[in-house]
Amino acid sequence: MSPIRTAQLMDGAALARRVVDEAAVRAAEFARRTGSGPCLATVLVGEDPASATYVRMKRARCAKAGIRSRHVGLPATTTTAELVDTLAALSADPDVHGILLQHPCGPHIDERAAFEAVDPAKDVDGVTLHSFAAMSFARPGFVSCTPGGIMRLLKEYDVELSGRHAVVVGRSAILGKPAGMLLLAEDATVTYCHSRTVDLPAIVREADVLIAAVGRPRLIRGEDVKPGAVVIDAGYNPGNVGDVDFDAALTRARLITPVPGGVGPMTIAVLLAQTVDAAEQQLGGA
Ligand code: NAP
């Protein structure tokens with residue numbers, strides 16, 4: 001028997017299309033003013049097929065939105081120092097407006113050192129310590145793309161955050177941690193959960209807004225979703241399965257993101273929008 005459905009789906013695919021369309025309009029205006037479109041530099045170390053696919057997808061979306069991309073493919077043997085030099089050169093190049101270092105870069109690379117070679121003005125993937133600090137102090141700056149996409153989804157669906165209990169399951173540098181920082185900046189009361197958390201279900205049951213960012217299929221049981229909660233499932237596991245037991249959560253949540261078609265499409269959309277933001281800001285400051 002299929003469950004009684006109560007939750008409204010949060011359509012990340014539709015919102016992402018709108019965000020990209022807006023970025024494309026601004027990219028065209030930028031090109032009209034300067035003679036060429038905004039430019040995103042993509043840097044890939046090695047030949048990991050999944051990473052290469054991600055970069056290809058991002059470049060293809062850029063092209064559709066009128067954003068140029070310049071790809072720098074480096075051999076797997078690249079050292080941290082060589083990668084830092086490459087990123088510093090792109091940071092200094094006035095024809096490059098945004099920089100994306102596809103990661104993970106491999107165990108021999110000091111990724112933090114590499115990220116810090118990206119000029120914060122071009123950090124459209126939100127990976128530098130400068131961007132993290134700006135995020136945590138609610139100052140202007142570039143945000144991590146997936147958390148940025150989550151915040152846009154919450155805004156799109158008029159989710160009240162002030163004073164609400166937001167529970168973020170996962171604390172990675174690219175997802176859980178910045179998502180919590182952005183929610184805090186909107187005056188939510190934020191609880192982080194992670195692999196050492198004791199009694200995760202009890203904390204999940206208290207969540208008005210639940211962000212699942214773990215990478216464990218159906219870790220969050222539907223019965224633990226607070227009735228009327230807003231559920232954002234950023235998890236993406238083999239077989240198009242999220243971190244939340246979607247069918248069961250549907251019967252309790254007020255709003256929920258599907259997997260796929262929820263958070264996923266927002267990540268690239270935010271990357272594109274931030275690349276155009278960076279180009280406009282650099283033009284404004286020129
Ligand atoms: P990650 O770096 O592996 O981090 C996973 C986090 O989950 C860690 O903080 C870990 O805790 C926590 N965790 C692991 N097991 C747990 C458990 N049993 N209970 C509670 N917390 C637990 O992963 P990530 O890069 O943040 O990605 C998370 C998920 O989001 C993945 O499915 C990934 O595919 C997806 N993702 C989607 C997008 C998108 O565009 N839609 C983008 C990025 C990631 P510790 O810190 O204690 O180890």
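**Exercise 1: Finding the parts**

Into which domains is the protein divided?

*Solution.* Before starting, keep in mind that this is a predicted model. Step one: look along the chain for the domain bounds. Domain 1 covers 35–122, and domain 2 covers 145–265. Step two: check how the two sit relative to each other. Their C-alpha centres are 29 Å apart.

**Exercise 2: The largest pocket**

Work out where the largest pocket lies and what lines it.

*Solution.* Let's start with the space itself. The largest pocket holds about 1,200 Å³. Next, go round its walls: 40 residues line it, and Tyr-54, Thr-146, Ile-174, Tyr-236 and Thr-267 are the ones nearest the centre.

Now ask which elements bring two or more residues to that lining. They are helix H2 (49–64), strand S4 (98–101), helix H6 (145–156) and helix H10 (264–285). H2 gives the largest share, with six residues.

Here comes the reasoning step. Domain 1 and domain 2 both contribute residues to the lining, so the largest pocket lies between them.

Last, sort the lining by class. You should get 22 nonpolar residues, 13 polar ones and five charged ones.

**Exercise 3: The second largest pocket**

Describe the second largest pocket in the same order: space, lining, elements, classes.

*Solution.* The space comes to about 420 Å³. The lining has 19 residues, and those nearest the centre are Met-151, Lys-155, Leu-182, Ala-185 and Glu-186. At least two lining residues each come from helix H5 (129–136), H6 and helix H7 (176–185). H6 supplies the largest share here, namely five residues. Sorted by class, the lining of this second pocket contains eleven nonpolar, three polar and five charged residues.

**Exercise 4: Around the ligand**

Which residues are closest to the ligand, and which atoms of Ser-172 and Thr-267 pair up with ligand oxygen atoms?

*Solution.* First, find the shell. The ligand is surrounded by 20 residues, with Arg-171, Ser-172, Ser-195, Tyr-236 and Thr-267 the closest. Two of these names also turned up in the first pocket: Tyr-236 and Thr-267 are among the residues nearest the centre of the largest pocket.

Second, zoom in on atom pairs. Ser-172 has a polar side-chain atom 2.5 Å from a ligand oxygen atom. Thr-267 also places a polar side-chain atom by a ligand oxygen atom, at 2.7 Å. With His-194, look at the backbone instead: one of its N or O atoms lies 3.5 Å from a nitrogen atom of the ligand.

Third, see how much of the ligand is covered. On its own the ligand has 920 Å² of accessible area, and the protein covers 68% of that.

Finally, count classes in the shell: nine residues are nonpolar, nine are polar and two are charged.

**Exercise 5: Backbone oddities**

Where are the cis peptide bonds that precede Pro-104 and Pro-260, and which residue other than glycine has a phi near 55 degrees?

*Solution.* Take the prolines one at a time. The bond between His-103 and Pro-104 is cis, with omega about 10 degrees. Pro-104 belongs to the loop between S4 and helix H4 (111–115). The bond from Val-259 to Pro-260 is cis too, with omega near 0 degrees. Pro-260 sits in the loop between strand S9 (255–256) and H10.

For the phi part, the residue you want is Ala-138, whose phi is positive. Ala-138 is in the loop between H5 and H6.

Key
Residues are numbered from 1 along each chain as its sequence is written. This is a predicted model: local features need pLDDT of at least 70, side-chain atom pairs count only at pLDDT 80 or more; totals for chains, interfaces and linings use all residues. Side-chain values use heavy atoms; hydrogens and water are left out. On a 1 Å grid over the protein atoms alone, a cavity is a set of points where a 1.4 Å probe fits but cannot get out, and a pocket is an open set with protein on both sides within 12 Å along at least five of seven lines; lining residues have an atom within 4 Å of a point. Grid points are joined across faces, edges and corners, and a volume is the space filled by probe spheres set on the points. Helices (H or I, at least four residues) and strands (E, at least two) are DSSP runs, numbered from the N terminus. Ala, Val, Leu, Ile, Met, Phe, Trp, Tyr, Cys and Pro count as nonpolar, Asp, Glu, Lys and Arg as charged, and the others, Gly among them, as polar. Domain bounds come from an automatic or database domain assignment. A residue is near a molecule or strand if one of its heavy atoms lies within 4 Å of it. A polar contact is a pair of N or O atoms within 3.5 Å; within protein, one must be able to donate a hydrogen and the other to accept it, and residues adjacent in sequence count only if both atoms are side-chain atoms. Accessible areas come from the Shrake-Rupley method with a 1.4 Å probe; for residues, only the protein chains shown count as cover.
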